[in-house]
Amino acid sequence: MTHCNAVLQLRAQRLAMATRPFLARGNRVNRCQRCLLPQVNCLCLTIQPQNARSRFCLVMYDTEPMKPSNTGRLIADILSSTLAYQWSRTAFNDKDFLENIVPNYQPMVVFPASYAQPERVVLDQPPLTGKPPLFIMLDGTWTEARKMFRKSPWLNNFPMISVNVTTPSQYTLREAHSDEHHCTAEIAAALLAQAGDQAAANHLIQHFSLFRERYLAGKPHHPVHARDPSPL
């Protein structure tokens, strides 16, 4: 698997512009530069891209494309049409996105309904008719995502979609702000299922599960390894 998805392209651009090395946790590990897992746990050969009616646009905070624990990259692994942009507080200037991509889709910002202003249109599921959905996801920590939402006026032009995922998050690679918060890939899989792209949703969840398993396998001292096994 040699395809360089949009997140990896953004990562390469970010590395090229950096004035000093980016040192993520575990930076001494010999990593695959495609999946960013330790070479011994590489999952590149397992990636199976899928077709879907839905499309995703990841607006990524600062060094998020650089982090091995990022799950937005998993969406781009499965859906090659995924877009990825570096967030800017002052402006979003990608003319191609706003003029050539948005008109062909139904764009919507993925964010909790509780943050919507009274006049904002908020959907609880993606439309199944009309133009294909374009899910705009703010990819970063919860604190960073809230900052992007507040300080991105261009997002105000689009309706919001709020996703209610009832199952507990399986993402244990970072400390969660709340037990109710799910990682980017988990939310994306739920959106795909709701939009009727079930095969893509299934493959994304499988890809996420394998990624999580192999990521944690490379961290034997992670707290998850110390948990008591579930009772039979």
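This passage walks through the sheet of a predicted model and the helices around it.

The core piece to start with is an open sheet of 6 strands, paired in parallel and ordered β2-β1-β5-β3-β6-β4. The edges go to β2 and β4 (122–123); each has a single partner strand, so one side of each is left without a neighbour in the sheet.

At the β2 edge, the partner is β1: residues 55–60 of β1 and residues 83–86 of β2 run parallel and are held in register by 4 bridges. Within this pair, L58 sits opposite A84 of β2. Getting from β1 to β2, the chain passes through helix α2 (residues 72–78), and the resulting β-α-β crossover is right-handed.

Over at the other edge, β4 pairs with β6 (residues 160–161), again in the parallel sense, through 2 bridges. Here L123 has I161 in β6 as its bridge partner.

As for helices on the sheet, α1 (residues 6–17) packs there by touching β1 and β2, with its direction at about 25° to that of β2. Helix α4 (residues 142–150) takes another route: it lies across β1, β3 (106–110), β5 (133–139) and β6, and runs at about 120° to β5.

Then there is α6 (residues 198–217), a helix of 20 residues whose first and last C-alpha atoms are 28 Å apart, close to the 28 Å expected at 1.5 Å a residue. Its buried residues include A200, A201, L204, F208 and L210, along with H207 and R212. What do the buried residues of α6 pack against? Their contacts are with α2 and α5 (184–194), and α2 is also the helix of the β1-to-β2 crossover.

Notes: Residues are numbered from 1 along each chain as its sequence is written. This is a predicted model: local features need pLDDT of at least 70, side-chain atom pairs count only at pLDDT 80 or more; totals for chains, interfaces and linings use all residues. Side-chain values use heavy atoms; hydrogens and water are left out. Two strands pair if DSSP finds at least two bridges between them. A crossover is right-handed if, with the strands pointing away from the viewer, the path from the first strand over the helix to the second runs clockwise. The expected span of a helix is 1.5 Å times one less than its number of residues. Buried means under 20% relative accessible area, exposed over 50%, partly exposed in between (1.4 Å probe, protein chains only). Contact means heavy atoms within 4.5 Å. Axes are lines fitted to C-alpha atoms, for helices over the stretch in contact, and angles run from 0 to 180 degrees between N-to-C directions.
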